[in-house]
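Got the viewer open? Here is a short walk through one chain, stop by stop, with what to select at each.

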Amino acid sequence: MSEDDKPGGKPAIKAKAKIPNAKNIRSPEFTPHGISAGRGSGLNRPSAPSALTAKQARKRRMMMIAGLVVVAVAISGGVVWWVNRPGPEIKVSGKFASEPKVDIPTNLAPEGKRTVATVPIRGTGPKIADGDTLYVQYAFYQWSKDKDEEDSSKKSTNKQLGSSYKQEAQGQQTRPLVVGKSGIKGFDKGMIGQTAGSRVILRIPPKDGFGKDGEQLGLSGTDWVVFVVDVQAVVPKNPAPQGTKKELADKALPKVEDQGAGKAPKVTIPKGEDAPDKLQIKTLVEGTGPALAKGDEAVVNYQGKIWKTGKEFDSTWGQGGAPAKFPIGTGGTVPGFDKGLTGAKIGSRVLLVLPPAEGYGKKGSPPNIKGDDTLVFVVDIIAKIHK
């Protein structure tokens, strides 16, 4: 059997050329990989030199390094911000003395044991002290820890419990609050040191809240209360005129004697003198504050007497010292008040003598004031309402 007929065999190949010995290979015929064959070789000529100068190359390297530094700082800054990013907070928006929009995030839980006050709008008026009377607008909310374990992101619930804005829209007047006697410890604590013209947010824990009265509002013993308070005026505990005293030389007009801070003045109507038939406006103390203008609301203490009998028919001093609030120049009170107080400065004490036409007119104000009665008022202008 020939070699070609054997199974799996391959045809024999006879070499026709000798493999050269390495010793006999000249350098032009053998070039190790990656080494130039010489200057004459077009395929292996050296690469072209860089077009950048050494100075430009250094500048490029510096720019690259600076870029890397900027990126590193940005990354580290982002990490720092993320770690120290601000948490959720109670947000209040809207114009001062108008009903605010209040957002209490559900991912913010009430915590701690003390009342916390924040001031998104800080006024420049007088500071609040214990015993001061406040004229405020407010809204307040129930704030409870959430007990729903299915949603871990929800940590609290809230709902509005009351609003002075809604009360006034329904014709109910907002009563002034005395600091220390409001009945809400957290309110009293949080308002001390604040200023008139400020908007204050109070987060009040259960122990400083409504106490047992909270049950009537639907509050439990673990519920917090959030107050948003716009401080429109601050009246000190014992208000008195603040300014320059003016002498009243007209003997035909009532005599007014100061009795000290927080006390009604003594008013003596001259005997045997006929009441003037025209409005009398006399400044007894010229205040140092701004003047009242049409549309302002003034906070005042006043005493009213009837010229004919000398009888007192009204007094804020006799009402436990709570001042009154009056609109000025808009017809919201008797004409003589509007005319007598427009332009008067805060801190002033003013004597007003009102003939019937400047008072309650021919009809009077039964049962105490008749249609022909001339009225005598002494008015202390304490403050005006911030709007």
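A nonpolar core, as used here, is a set of buried Ala, Val, Leu, Ile, Met, Phe, Trp, Tyr and Cys residues joined through side-chain atoms within 4.5 Å. Keep that in mind for the first stop, and remember that you are looking at a predicted model.

**Whole chain**

Start with a cartoon view. The chain has 4 helices and 17 strands. Of its 387 residues, 35% count as buried. Take the contacts with a separation of 6 or more: 71% of them come from residues 24 or more positions apart. If you switch on a surface, about 24700 Å² is exposed, with carbon and sulfur atoms supplying 53% of that.

**The largest core**

Now select Phe 337, Leu 341, Leu 352, Phe 377, Val 379 and Ile 381 and show them as sticks. In the largest nonpolar core, which has 22 residues, these touch the most other members. Next, colour the elements that each bring at least two residues to this core: β13 (297–306), β15 (324–327), α4 (335–341), β16 (349–354) and β17 (375–384).

Stay here and centre on Ile 381. What is it in contact with, once its neighbours within four places in sequence are left aside? Select Leu 292, Val 299, Val 300, Leu 341, Ala 344, Lys 345, Ile 346, Gly 347, Ser 348 and Val 350, and you have the set.

There is also a second, separate core, this one of 20 residues; Tyr 138, Ile 184, Leu 219 and Val 234 are among them.

**Aromatic stops**

The structure holds 13 aromatic pairs. For one of them, pick Trp 143 and Trp 224: the ring centres are 6.0 Å apart and the planes sit at 80 degrees, so this pair is edge-to-face. Trp 143 belongs to strand β4 (residues 133–145) and Trp 224 to strand β8 (residues 224–235), so the pair ties together parts 81 residues apart in sequence. Buried or exposed? Check Trp 143 and Trp 224 on the surface. Trp 143 is buried, at 1% relative accessible area, and Trp 224 is buried too, at 6%.

Then select Tyr 138, Phe 140, Phe 187, Phe 210 and Phe 227, which form one aromatic cluster. You have met Tyr 138 already, in the second core.

**Salt bridges**

Time for charged side chains: there are 12 salt bridges in the structure. Try these three.

- Glu 286 and Lys 246 meet at 3.4 Å, N to O. Glu 286 is in strand β12 (residues 280–287) and Lys 246 in the loop between β9 (243–245) and β10 (255–257), so parts 40 residues apart in sequence are tied together. Glu 286 is partly exposed at 30% relative accessibility, and Lys 246 is partly exposed at 36%.
- Asp 372 and Lys 308 meet at 3.6 Å, N to O. Asp 372 is in the loop between β16 and β17 and Lys 308 in the loop between β13 and β14 (312–315), 64 residues apart. Lys 308 counts as exposed, at 56% relative accessibility.
- Lys 339 and Glu 358 have their closest N and O atoms 2.9 Å apart. Helix α4 holds Lys 339, while Glu 358 is in the loop between β16 and β17, so the bridge ties together parts 19 residues apart in sequence. Lys 339 is partly exposed at 48% relative accessibility, whereas Glu 358 is buried at 14%.

For the last stop, select Lys 189, Lys 207 and Asp 208: salt bridges with shared partners join them into one network.

How values were computed. Residues numbered from 1 in each chain as written. Predicted model: local features only at pLDDT ≥ 70, side-chain atom pairs only at ≥ 80, totals over all residues. Heavy atoms only, no water. Buried < 20%, exposed > 50% of the residue type's maximum accessible area, 1.4 Å probe, protein only. Contact = heavy atoms within 4.5 Å. Salt bridge = Lys/Arg side-chain N within 4 Å of Asp/Glu carboxyl O. Areas by Shrake-Rupley, 256 points an atom, 1.4 Å probe, with all protein chains shown as cover. Phe/Tyr/Trp six-rings, centres within 6.5 Å; stacked < 30°, edge-to-face > 60°.
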